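Work through the exercises below with the sequence and the model at hand. Each task is followed by a solution in steps.

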Amino acid sequence: MDLETLRFATFGQLDQAVTDWSTMVSNLAALKKDARDGLKAKADKADWSGDNANVTKGFVDKTVREFDDAHKQAKSLWNILKDTRNELKAYQGQLNEALERGTAKNLRVTTTGGGGFTVTAGIAYTDPPLGPTVPASSEAERDVNALRDELQGILDKATESDHTGSVALKALADQAALGFAGAEYKDRDSAAHAIKEADELAAIARKNPADLTAKEFDKLNSGLKKMSGDELFSARFAEKLKAQGTLDFWAELNTPRPTDLQRARGDQFDELQKNLSLTLATASHSDSSGMTNWKREMVDLGSQPLSKSSNTVGFQVMSNLMRWGNFDNKFLDEYGNELIKTEKERTDNGRHGAWRVGSPMDPVLNRTGSDSGTDPMTGFMKALSSSPDAATEFFNDTFLTKEEDHEFKEDTDGDGKKGMRELSNFDYLFGERDWPEDSTSKGEDSIAGRNNMALALEAATTGHPAGEMPTEDTPAHNAEQAALTKSLIEAISEKPALLGDHSYMSDSIGQIAAEYMPDIHRSLNANQEGEESLFPIAGSRAAVDEPDTARFLYMLGQNPEGYAAVSVGQHSYTTHLMEYHFRNPDAFINDPGFSRNDNLKQTIELTAEVAGEIQGTIGAGRSYEAEIEGGAKDADYNKAIETASTWVGSTVGIGIGIGTAPMLGPGGAVAGGVAGTAADEIISALTEGAMKDSSGEVIYRNGQEMGATKVSTYELVETAAKRAGEQSGNPSPNIVASVASAAEKGFTSASANTHSYIDGQGMPAKLEEKK
């Protein structure tokens with residue numbers, strides 16, 4: 001900023017721009033309110049089903065978020081523009097005041113080429129006028145120097161204001177190539193601070209890690225922790241570090257050769273790994289040219305060694321820096337495709353393992369202690385667990401076609417001859433991959449690889465991040481999610497050991513089952529006519545056969561977390577579903593030859609019957625586990641069911657497929673004020689009843705355990721029918737009196753299924769004969 005530019009600047013156009021952006025902010029605020037209170041509110045109350053549930057509601061939700069992002073971005077741009085304008089006006093005023101004071105002291109300011117200026121003292125004369133000039137006094141020299149320094153200080157601050165404002169505006173505008181960035185800044189200084197902080201921290205990360213001091217490490221770690229969610233900061237940091245620099249920094253920082261920094265701060269490397277991952281996740285959503293290059297280069301570097309002398313490739317480093325945060329879907333898709341390509345090359349199309357266990361000479365890439373970090377699929381699965389859309393697409397993508405050279409075959413037409421099989425990424429990772437043996441930092445066998453895969457599957461099938469409950473904004477299950485769930489159930493049904501040998505995955509898979517309760521109920525319901533009305537599903541259905549569902553539930557029943565998730569999900573679903581039918585008694589059966597109450601009674605009985613079948617199936621699995629373990633896991637079951645108390649009061653998240661307002665919620669879950677009371681009572685009763693168990697000896701044996709399960713189920717379905725009827729304003733003691741018998745029929749079906757589909761495994765009588 002030169003002196004004349006600031007001195008004679010006119011701000012008319014800038015003032016108009018600030019006014020225009022102010023108007024834009026106000027208009028977008030009104031549009032945002034209309035979109036949320038009008039468009040979205042109506043969409044939430046609508047009776048969504050089929051394509052409307054899968055596509056239209058999701059489009060509405062995305063549109064509403066775009067209005068919100070547009071308002072945030074416009075307000076941030078306005079704030080930055082307004083602050084910059086106000087500061088420049090203030091500096092212009094300061095400059096003119098300083099010039100006026102200089103003129104009063106007979107000081108002359110002259111501009112020079114290149115934007116510079118000089119300050120000189122005016123010429124003083126003695127008497128007579130034609131005599132020699134008098135040299136400038138020391139006081140005049142001080143005045144000259146003071147004015148020069150003051151003017152330069154004002155120009156420096158004006159230059160900084162103009163520059164940081166320009167950089168912030170450009171950076172904010174560049175964040176989104178399409179749509180709008182969600183970044184929000186209250187003033188120019190906060191945006192400028194984010195950029196300055198990013199530059200300083202990137203400079204630290206670009207240093208040779210061997211030369212990093214503990215003080216620099218602390219500054220980097222605390223700075224990333226504080227700023228990781230800031231979009232301008234994160235993108236700027238990654239752009240300055242570059243893709244290769246990111247990989248080199250983490251690999252070299254974790255060299256197997258102990259350094260002074262490792263000895264001083266080694267116990268904090270896990271925190272830095274998390275903060276760096278969160279920062280890169282935020283940065284990945286930026287569409288700036290720098291981040292576009294960063295993402296492309298990171299994918300290209302994935303299969304390449306870090307250096308000519310290194311055994312470590314880019315995927316192994318980056319996958320450990322994506323275990324936290326929600327990464328951009330497009331980046332994850334491109335990264336995953338290239339990772340799969342590399343996996344196929346290293347395994348000869350799945351014939352053997354891909355990634356060796358790290359040697360003492362390799363960097364320790366994962367500092368969490370859960371695994372060594374040498375298998376890049378482990379970290380990538382964790383990244384997918386936070387990005388549902390990317391996870392769904394990845395698992396459904398093709399791993400091998402029938403035309404490729406591989407050894408996966410199957411009898412496709414029943415003629416006894418095996419032909420080449422097509423595998424999806426799910427088929428390969430869940431059923432066929434040779435997951436490398438790995439260890440924790442304590443030397444124990446690591447479960448991180450498959451466990452992270454289960455978390456990624458939870459996100460891919462439910463549409464929300466793993467470990468979270470869906471909200472009202474979570475769309476109904478779409479066709480891709482439902483197809484993946486069907487594949488998961490059928491895979492476990494065909495090869496129970498896929499879950500049985502890795503039962504730690506049961507918490508995630510149990511959550512999937514809970515959120516697909518409508519689909520599970522349909523598969524166990526013998527009555528095919530009108531099942532869409534009996535067990536309504538908001539989105540797409542996971543159409544699974546009864547034998548597959550029975551074997552799937554039986555395996556989940558053998559794990560405490562799986563059993564608890566299915567049990568709570570079923571009871572909550574049954575309660576909400578009964579209430580729905582009490583409120584809509586003609587929804588399923590509307591036979592004029594019978595009374596309305598008789599029709600409703602038939603509907604509620606069918607609901608109770610399937611509830612009994614589910615409880616009988618998971619109860620048989622639990623019984624089998626108790627027989628094998630001698631009751632040792634009783635306390636684990638109690639603890640798992642006790643956690644169900646956290647579901648009390650939740651009106652969403654338990655997979656209720658009610659496709660009618662006002663009962664509809666995410667994925668078919670109940671939402672709104674009508675849900676909660678009856679279900680809360682059921683869940684509380686289930687939790688309290690479970691706590692009465694004892695693990696002192698084998699108490700879950702044969703009829704005793706199943707008998708207790710039956711009694712508990714009968715009591716709960718009776719309570720559900722009673723409370724659902726009361727809450728709907730349509731109580732019926734006659735219906736309540738019939739549901740226990742209906743549930744008993746379900747238990748009978750479960751017993752038959754156990755004998756028919758489970759090949760005798762877990763039959764209490766047979767186990768008893770061996771005692």
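**Exercise 1.** State what share of the protein's residues count as buried.

Solution. Buried means under 20% relative accessible area, exposed over 50%, and partly exposed in between, with a 1.4 Å probe and protein chains only. By that cut-off, 51% of the 771 residues are buried. This is a predicted model, in which local features need pLDDT of at least 70 and side-chain atom pairs count only at pLDDT 80 or more, while totals for chains, interfaces and linings use all residues. Residues are numbered from 1 along each chain as its sequence is written, and side-chain values use heavy atoms, with hydrogens and water left out.

**Exercise 2.** Describe the surroundings of Asp371.

Solution. Start with its place in the chain: Asp371 lies in the loop between helix 13 (329–347) and helix 14 (376–384). Helices are DSSP runs (H or I, at least four residues), as are strands (E, at least two), numbered from the N terminus. Next, take exposure: Asp371 has a relative accessible area of 5% and is therefore buried. Then list the polar contacts, each a pair of N or O atoms within 3.5 Å; within protein, one must be able to donate a hydrogen and the other to accept it, and residues adjacent in sequence count only if both atoms are side-chain atoms. The side chain of Asp371 makes one with that of Arg323 at 2.9 Å and one with that of Ser370 at 2.7 Å. Finally, count contacts (heavy atoms within 4.5 Å). Beyond neighbours within four places in sequence, the partners of Asp371 include Arg323, Asn366, Thr378 and Asp438.

**Exercise 3.** Treat Arg433 in the same steps.

Solution. Arg433 is in the loop between helix 16 (425–432) and helix 17 (448–462). Its relative accessible area is 5%, so Arg433 is buried. A polar contact of 2.7 Å links its side chain to that of Glu343. Glu343 is also among the residues that Arg433 touches, along with Trp355, Asp375, Met377, Tyr428 and Arg450, leaving out residues up to four places away in sequence.

**Exercise 4.** How many residues of helix 20 are buried, and which are they?

Solution. Helix 20 spans residues 506–515, and nine of its 10 residues are buried. They are Ser506, Ser508, Ile509, Gly510, Gln511, Ile512, Ala513, Ala514 and Glu515.
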